[in-house]
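Here are some remarks for a colleague who is about to look through the model. They are set out as numbered points, to be read with the structure open alongside.

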Amino acid sequence: MIGIIVLLAFVALCVWIVRAAGWRFALKRLGGALVVLVIVTFAVSVMLQFTSGDESTRQALDELGVSRNAQPCITALGTAATDVDRVNECVDDRNLDDNVVVQYVKWAKQIVWDRDLGLAFYRNEELLSDELRQRMPRTAWLFLYSQLLALIIAVPLGIWSAYQAGRPGRRSLPSWLLPLGVGLLLLIGLVGGWKLTSVFAIAVLIPVGIFHFFKGGRQADTATNFLAFALLSIPVFVLGESLRYAFAIERDWYTLLPGYEPWSAGVGAHIGSIWLEALVLGLAAAPVYLRLLRADMIQNLQQDFVSVAKAKGMSNTHILLRHVLRPSTVTLITVLGLNIAQLVNGAIVVEFIYDFDGMGSYLIAAFARREFFAVQTLVALVAAIFILTNTVIDVLYTAVDPRVKADDDR
Amino acid sequence: MTNVAQEIHVESGEAAEAVAADPAKKSSSGWLYRFSVGWLIIVVGITILGWLFGDSLPGLKDPTEIDPTNLAAGPSWSNIFGTATFGQDVFSQVVEGGQISLLVGFSVTVIGIGVGGGMGLVAGYYRGWVDSLVRIIINVTLSIPALLLVIFIVTIRGQSLITVIGALSLLAIPALARIVRASTLQVADREYVKAAQVLGVKRTSILFREVLPNVMPTMVSFAFLTTGIIIVVEGTLSFLGLSVEAPTITWGKIIAEGRNQFAETPHMVAMPSLVIFFTVLSLNFVGDQLLKRYDIREAGIS
């Protein structure tokens, strides 16, 4: 049933792409995507060959009475590898005695044709598809919430910043006050303890900063930009670790223990079990969107249609939201697609920090147990999702903005 | 990132556009630039001094030395970054960890600029089948999440310094190739290159005497940005326990160690984190400023 729906959706997608972008272009893009997908998965297969060990391992295995190429199976089985039958079964199952190309073709056939993803863990013979069904929704929700959060943070700030960038600078606080303030904070912290510092920061520095920010002018843009830069430079693991300390250990705003709760457990429980992870990923993604939106909108603001709209007497808000934000949305969507790869990286780290049972922590577990067969399938899956999404977005982009097609050679 | 390639891509697109049409370009960020350069010089200087002279330097101790009178103590004058669970000096650990982290960052960038930059230059200037090949390589690497790829390679090939550098180079090469290629395409389209072609100058010498010098500023700027990203990715790897093996200290590993006893040693997480943060921020900032400062198009117009 699900297969039929997916197939129908795929056909509908293809038809739509062809209608929107034309045969030649659609074929070129889809063909390119397919080629890239095949190369990626094949490269992973080739890399897996390195796990077979060197010649001496092979000889030792041969003497033990199992296949010469059984090393990956033995590492995957771990302690269960003492059972020769299971090793042989595994070698047979993964076609380890064939060469790379045959192995790859058989693997691809198993995935695409038989729709069998194989085992998640060889040691206790769990099915990967079961594992996926259990963990995939968690990571999917995490992605969704984090991106929503990132957009909620980035879009207003980006619009504001781009708008302020074009306005003349106002007489305002000189920017060298910032390091002075931070230095003062450190001094107070060292002399009078950290409590006093936070009081001072909340009472003096943050109001001054907010005032400075809302006064507008070029400095507001500089400040926003600097904020984005700072946020971009914080590694995800540092961000995750500090927020975990602040909200889950120091205070009880987030409870680590029950883990993920599905929607069926109630809205409050669901959001409560995921918000901190989503916040970390969202904060990590926000500066990327912010900087891009700002640059794109500044460029759009200098187009002739803005002057025309201005001459017609339209309000600034109207111009910003209806005439400038709209073309920038296309860019934003493109980055959203590119960000999937970024999100997978973030998910691996965040799920590791918060013991969140999603795809990221499964990947870490699979690597730790040297379960490369499942990893191979997963890498292919992630790459397939990434490539498919980006091809669709690419074509979507073309359908909206014909200039891209003309510029295709670049 | 962090997906390196994508992050660089985003930054490159942003920077190029922002420079072309940013009225707020001449903002008062001079002191920030100087601050960043100063911080980088301090970090690199202390790291090199620590590498040359070891714990004979005043203020530095043996990072593995156990001090039973000073267990898990907060920052003080004798241990400015505090001490670890068994009284090891965290500052010395950070200095020693910096050797690996910075070494990885720099060597990966050098490899990336050398190989990836060369690829991008050739692909962007000669076009043809080389270009198609490079584009396929770029697309393929872009479609695997960076961290996933690095973890994959490191677990297969073993956790040695060479493997880590190699795996990270595999990320940096296509990312830089992409940027240099785009920049080369732009430069190769300009009048002086066409004039040289008309004059009958050999293509190789155009490449080295006209195109390369004009692509150079972009390359140098992105060298800084890449170093920052690579330091973060390496930190992430060691945080997950997948970077260079046990006795070697890296920044990420100190954080991972402090994380296990967060209640006792929060400074073990905070201090290396701050060092990483400021270093990466400075690298990003210097790269960005260089990009703005040496933008060729801008100079040509005014």
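The points below take up the overall make-up, the contact between the chains, a helix pair, one buried residue and the nonpolar core.

1. The coordinates are those of a predicted model, and what follows should be read with that in mind. Chain A contains 18 helices and two strands, and 36% of its 410 residues count as buried. If one takes the contacts in chain A between residues at least 6 apart in sequence, 69% of them join residues that are at least 24 apart.

2. The contact between the chains draws on 53 residues of chain A and 47 residues of chain B. On the side of chain A that touches chain B, several helices each supply at least two residues, among them H2 (23-48), H10 (218-233), H11 (236-250) and H17 (372-400). H15(A) provides the largest share of that side, with nine residues. By class, the residues of chain A that touch chain B comprise 37 nonpolar, nine polar and seven charged.

3. Within chain B, helix H2 (residues 30-53) packs against helix H3 (residues 90-126) at an angle of about 105°, and the two axes lie 9 Å apart. Since angles of 65 to 115 degrees count as roughly perpendicular, this value makes H2(B) roughly perpendicular to H3(B). The residues that meet are Val43(B), Val44(B), Ile46(B), Thr47(B), Gly50(B) and Trp51(B) from H2(B), and Val95(B), Glu96(B), Gly98(B), Gln99(B) and Leu102(B) from H3(B). Sorted by class, this contact of H2(B) with H3(B) has six nonpolar, four polar and one charged residues.

4. Is Gln164(A), a residue of helix H7 (residues 128-165) of chain A, buried or exposed? Gln164(A) is buried, because 23 other C-beta atoms lie within 10 Å, where 20 or more are required. Gln164(A) also lies 9.8 Å from Ile298(A), C-alpha to C-alpha, although 134 residues separate the two in sequence.

5. The largest nonpolar core has 161 residues, and those that touch the most other members are Tyr289(A), Val379(A), Leu148(B), Val150(B) and Leu168(B). H13(A) contributes the largest share of this core, namely 17 residues. For Leu168(B), once its neighbours within four places in sequence are left aside, the residues in contact are Val104(B), Val108(B), Val150(B), Ile230(B), Val233(B) and Glu234(B).

Technical notes. Residues are numbered from 1 along each chain as its sequence is written. Chains are lettered from A and ligands numbered from 1 in the order in which they are written. This is a predicted model: local features need pLDDT of at least 70, side-chain atom pairs count only at pLDDT 80 or more; totals for chains, interfaces and linings use all residues. Two residues are in contact if their C-beta atoms, placed from the backbone, lie within 7 Å. Helices (H or I, at least four residues) and strands (E, at least two) are DSSP runs, numbered from the N terminus. Ala, Val, Leu, Ile, Met, Phe, Trp, Tyr, Cys and Pro count as nonpolar, Asp, Glu, Lys and Arg as charged, and the others, Gly among them, as polar. A residue is buried if 20 or more other C-beta atoms lie within 10 Å of its own, exposed if 12 or fewer, and partly exposed in between; C-beta atoms are placed from the backbone. Axes are lines fitted to C-alpha atoms, for helices over the stretch in contact, and angles run from 0 to 180 degrees between N-to-C directions. Angles under 35 degrees count as roughly parallel, over 145 as roughly antiparallel, 65 to 115 as roughly perpendicular and the rest as oblique. A nonpolar core is a set of buried Ala, Val, Leu, Ile, Met, Phe, Trp, Tyr and Cys residues joined through C-beta atoms within 7 Å.
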